[in-house]
Amino acid sequence: MTSLARGEPVLLGPAGPEPTGLGRFEGDFGGRFVPESLVPALEELEHEFRAAWHSDEFRREFADLLQSYAGRPTPVTECHRLSERLGVRVLLKREDLTHTGSHKINNVLGQALLTRRMSKRRLIAETGAGQHGVATATAAALFGLECIVFMGAVDVERQSLNVFRMRLLGAEVIPVHSGSATLKDAINDALRDWVATVETTHYCIGSVVGPHPYPWMVREFQRVVGDEARTQCRALLGGDPDVVVACVGGGSNAIGTFAGFVDTDARLVGVEAAGLGLESGKHGASVNRGVPGVLHGAKSLFLQDEHGQIREAHSISAGLDYPGVGPEHAALAAAGRAEYACATDHEALDAFQALSVTEGIVPALEPSHALAWVTRAAREGSIAPGSTVLVTLSGRGDKDAMQVAEHLSGDSR
Amino acid sequence: MKLESHLRERREAGHKLLVPYVTGGLGAGWRDVLRAVAAAGADAIEVGIPFSDPVMDGKTIQEASQRALEIGATPDAIIADLRGIDIDIPIAVMTYYNPVFHAGHERFASALADAGVDAAIIPDLPFDELDGWGDAADRARVETVLLAAPTTPEERLRLICERSRGFVYAVALMGVTGERANLPEQALTMGRRCSKVTDRPVLLGVGISTPEQAVQAAGAADGVVVGSALVRRLLQGGGPDEAGAFVAGLRAALDAAT
């Protein structure tokens, strides 16, 4: 039996499949749709990542950092009281227990190592909820790199704790006022910065979005979540879980989780933000309601109007407030290998409280959407009673506590 | 090949080429701006079809795009407005790939051709991703102008210059569109690098905002694209007269220098 206790060495699984051609996943999703200025840097990054990912030395360094710095492996926790309440056996993959409090650190440590390999001295990042910004600022401090984080002005407001954390870690946080002033616009401004600074700067993208090689590279840095969870589930359950669930904004925790189970019989479910309800038009459900398009360097599914203008997303959770989804999710959806459900703001708030009260674990609002779907699906019988359900708890809820408190005391419910 | 042949003709007649950029749909009278700019001595006009997420554009063109979208600009409406416009110089549209992809390559290309638009510039559709659109545009006889950047390596630069139609858009600096105080040395290097590998017209664009900078840049290339400096004047309330005067100033400076 492989030991996956905390503090034990992190065992990286084998590298996953590369997309074909110029970063294409099934259905032609992916690609490299960027201004010419960025193309050579993306080619360099692709080559560096491929070489690093097949280098024992790089993998050892990455695994060591995940263990000694990020606190991996993270446990899988069985939720006895919640399971009893729902009639299905719920297990949580505890990314909330990593250093900085979310799965974002996995990817960032990988990209920081690559940045050093490419002899670049400056990191830029976009952030929605602030978790990726905090993780990037953390890695920048650890590696002695300059760090600039672009964050929508709306998100700066609703995630002020994370803004303070980033500044404390020595990063500069630049509020972005253009467009919807959320994650999409933060990515736009990060790309604009990068067009000017690409020769000395690495853009540390926080999700499985963006031009090739990002969707592939970020999935590979996040697959440790799924690889660990599969081993842990086999030890706990004697087999794979029946259902594997994760929330999807851009989709990095979900793709990392799915990577460990895509070749098993497990039902894979990504949960998108239904915001105020799919019919309201105010949501972030890009797989459910988006159409094929090209944004931020990749062909995928996006919320857009009839003229191809990108629409603003809405979610109570800043991390899911994005009008698109990573291209590999679009491919998994098209192939029918994963299904994409959604949960509303309201349902997520309920799940946020329910997990806190029944298990003593305060989840972030993002994975609260995954928990909300499990709750509904168990009640409605779309998960059979007694099934085993693995949910990736992608982050902890400290960052959301103030915002939830305001919602619960206000008239918004 | 109306854009390219026109620019070649003008170049062979000894002129430096001047291509101003105007955001389409920016106010009800935006076509009067095109007319004024053409009358002031532009050799072709670049018309922006605004997109919600213009990642190659700086603040000025972002603001213009947003303003145009807010007052109802759509790709279809802008293309319809260009149909049969009484301007005797070529028109190229500049937009991002998503509106093109969303409309469909064939449909977008034939809509441009039907409206008499000669060329298209799509800055987030690099050489390697050109296939679908490039073929559709070729079939519709719409010239696709490709961008070359300071970071583009030599062999790739050659391929880009070869595949580009109309002219080669040589990006003058590392960064997004917008006015700059000075023209970097990089711009001149870029103009010379492109001119060395192609006999297609080479126009420097991005960060060229004054007559002095235009003259300087045109010293190393066949001409210039000027966008933000003109659009800023429109955003500040300037109309066709001011736009025309600004372009006339650029024209006079370029002519005086040749």
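**Entry 1. Burial and a helical ring pair**

I took buried to mean under 20% relative accessible area. The model I examined is predicted. I began with Tyr97(B): its relative accessible area is 3%, so Tyr97(B) counts as buried. I then looked for a ring partner and found Phe101(B), which forms a tilted aromatic pair with Tyr97(B), at 5.8 Å centre to centre and 50 degrees between the planes. Both residues belong to helix 5 (residues 97-103) of chain B; because they are four residues apart there, about one helical turn separates them.

**Entry 2. Aromatic pairs in chain A**

I looked up the total over all chains and noted 16 aromatic pairs. One of them joins Trp53(A) and Phe221(A) edge-to-face, with 5.4 Å between centres and 85 degrees between the planes. This pair links distant parts of the chain, since Trp53(A) sits in helix 1 (residues 39-53) and Phe221(A) in helix 9 (residues 214-237), 168 residues apart. I recorded both Trp53(A) and Phe221(A) as buried.

I followed the ring pairs outward from there. They connect Trp53(A) and Phe221(A) with Phe49(A), Phe58(A), Phe62(A) and Trp216(A) in a cluster. I also checked for charges over rings. Arg59(A) lies over the face of Trp53(A), 4.6 Å from the ring centre. In chain B, I found Arg233(B) over the face of Phe246(B), at 4.0 Å from the ring centre.

**Entry 3. The interface between chains A and B**

I counted 37 residues of chain A in contact with 36 residues of chain B. The two chains bury about 2,900 Å² between them, and 55% of this area is on carbon and sulfur atoms. I asked which three residues contribute most on the side of chain A. They are Glu36(A), Arg192(A) and Gln309(A), which supply 24% of the area that chain A buries against chain B.

For polar interactions across the interface, I noted 21 residue pairs in polar contact, both residues being at pLDDT 80 or more. On the chain A side, helix 1, helix 8 (183-197) and strand 9 (291-295) each supply at least two residues that touch chain B. Helix 8 gives the most, with eight residues.

I found four salt bridges between chain A and chain B. Glu43(A) is bridged to Arg156(B), with the closest N and O atoms 4.0 Å apart. A salt bridge between Glu129(B) and Arg24(A) has an N to O distance of 2.7 Å. This pair crosses between chains: Glu129(B) is in the loop between strand 4 (119-121) and helix 7 (131-139) of chain B, while Arg24(A) is in the segment before helix 1 of chain A. I then asked whether these partners are buried or exposed. Glu129(B) is at 9% relative accessibility and so counts as buried; Arg24(A), with a relative accessible area of 14%, is buried as well.

**Entry 4. Salt bridges over all chains**

I noted 51 salt bridges over all chains. As general background, side chains of opposite charge can pair when their charged atoms come close. I looked up Arg396(A) and Asp398(A), whose side chains meet in a salt bridge at 3.7 Å, N to O. Arg396(A) is partly exposed, with a relative accessible area of 29%, and Asp398(A) is partly exposed at 46%. In chain B, Glu12(B) forms a salt bridge with Arg11(B), the closest N and O atoms being 3.9 Å apart. Glu12(B) has a relative accessible area of 61% and is therefore exposed. I also recorded a network of salt bridges that links Arg219(A), Glu220(A), Arg223(A), Asp227(A) and Glu328(A).

**Entry 5. Backbone geometry in chain A**

I checked the peptide bonds and found that the one from Arg72(A) to Pro73(A) is cis, with omega near -10 degrees. Pro73(A) falls in the loop between helix 2 (56-68) and strand 1 (76-78). A cis peptide bond also joins His212(A) and Pro213(A), with omega about 15 degrees. Pro213(A) falls in the loop between strand 6 (201-203) and helix 9.

I then searched for positive phi values in residues other than glycine. Thr100(A) has phi near 75 degrees and lies in the loop between strand 2 (89-94) and helix 4 (104-117). At 5% relative accessibility, Thr100(A) counts as buried. Ser119(A) has a positive phi of about 55 degrees and lies in the loop between helix 4 and strand 3 (122-127). Its relative accessibility is 60%, so Ser119(A) counts as exposed.

Notes. Residues numbered from 1 in each chain as written. Chains lettered and ligands numbered in written order. Predicted model: local features only at pLDDT ≥ 70, side-chain atom pairs only at ≥ 80, totals over all residues. Heavy atoms only, no water. Phe/Tyr/Trp six-rings, centres within 6.5 Å; stacked < 30°, edge-to-face > 60°. Buried < 20%, exposed > 50% of the residue type's maximum accessible area, 1.4 Å probe, protein only. Lys NZ or Arg CZ within 6 Å of the ring centre and 35° of its normal. Contact = heavy atoms within 4.5 Å. Buried area = accessible area lost by both parts, 1.4 Å probe. Polar contact = N/O pair within 3.5 Å; in protein donor to acceptor, adjacent residues only side chain to side chain.
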